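Subject: Structure handover

Hello,

I am passing this structure on to you. Please look it over first, then read the notes underneath.

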Amino acid sequence: MTGTIAHLSAAGLFLLLTHFGISSTPLRAALVGRLGEKPYLGLYSLVSALGFWWLVAAYNAAPHVPLWPPAGGLAWVPVLLVSVALFLLVAGLSTPNPTSVGQERLLTGDREPVRGILRVTRNPFLWGVGLWAVAHMVPNGDLASLILFGTLALLALGGSVLIDAKLARRLGAEWDRYAAHTSNLPFAAILAGRQSLVWKEIGWWRPAVALLLYGGLLHLHRMLFGVSPLPW
């Protein structure tokens, strides 16, 4: 079964089920109760790492099944979107966030939890991953790429919804107050007048780091992945 689309599909399904079927269901509480919080997180991280490894290995071995022609214009999609995705990744990783593992306490402290990129979206890292994945689906045009990047996009963007729902159940009124001043969909709270963009909280160093990463990936993409990301 290895080296087939079915094998790749099984790897993608495994990754989705181990994430959504464990962390977002009562099974998580049962495992934490039996193992403890830290052993559970260690086991969950190991299973996740194995799932990602399996998905990438299955993708590398999968046959090429074209779905649409990779026209030159489609190559501009990742060139434009990946820069935004990297900014969200950098800002998300460098900003304290109540939706991150072990940081729910930010909702109960004296510090205002809605700062920086969280005014744009309360799940910046996941939106960064989701945009990166969607951007890579468009220009490839084959079934294996659709499964790989589609799995990652669903994992990230679907995960943002499930994380919100899980924290709403766990934190109750504290989460309701936080959610009332933020949004999962980028800029939705700002456009609705429930929030405002404060650029000085984001700073210039975050987009600068994202720009450096973007330039490095453009330069090294052919060496790392065997294909140039540039449309020309």
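The notes below cover the membrane annotation and the salt bridges.

This is a predicted model, in which local features need pLDDT of at least 70 and side-chain atom pairs count only at pLDDT 80 or more, while totals for chains, interfaces and linings use all residues. Residues are numbered from 1 along each chain as its sequence is written, and side-chain values use heavy atoms, with hydrogens and water left out.

An unreviewed UniProt entry lists residues 39–62, 74–93, 143–163 and 204–225 under "transmembrane region"; such annotations may be inferred rather than shown by experiment. Residues 143–163 are 100% helix (a DSSP run of H or I, at least four residues), with end C-alpha atoms 29 Å apart. For residues 74–93 the helix content is 90%, and the end C-alpha atoms are again 29 Å apart.

The structure holds 3 salt bridges (a side-chain nitrogen of Lys or Arg within 4 Å of a carboxyl oxygen of Asp or Glu). Glutamate 201 pairs with arginine 115 at 3.7 Å. Glutamate 201 lies in helix α9 and arginine 115 in the loop between α4 and α5, so the bridge ties together parts 86 residues apart in sequence. Glutamate 201 also meets arginine 119 at 2.8 Å, and Arg115, Arg119 and Glu201 are thus linked in a network.

Glutamate 201 is buried (under 20% relative accessible area) at 19%, whereas arginine 115, at 32%, is partly exposed (between 20% and the 50% above which a residue is exposed; 1.4 Å probe, protein chains only). Arginine 119 is buried.

Arginine 122 and aspartate 164 form a salt bridge at 2.8 Å, and both are buried.

Regards

Conventions. Helix = DSSP H or I, 4+ residues; strand = E, 2+ residues; numbered from the N terminus.
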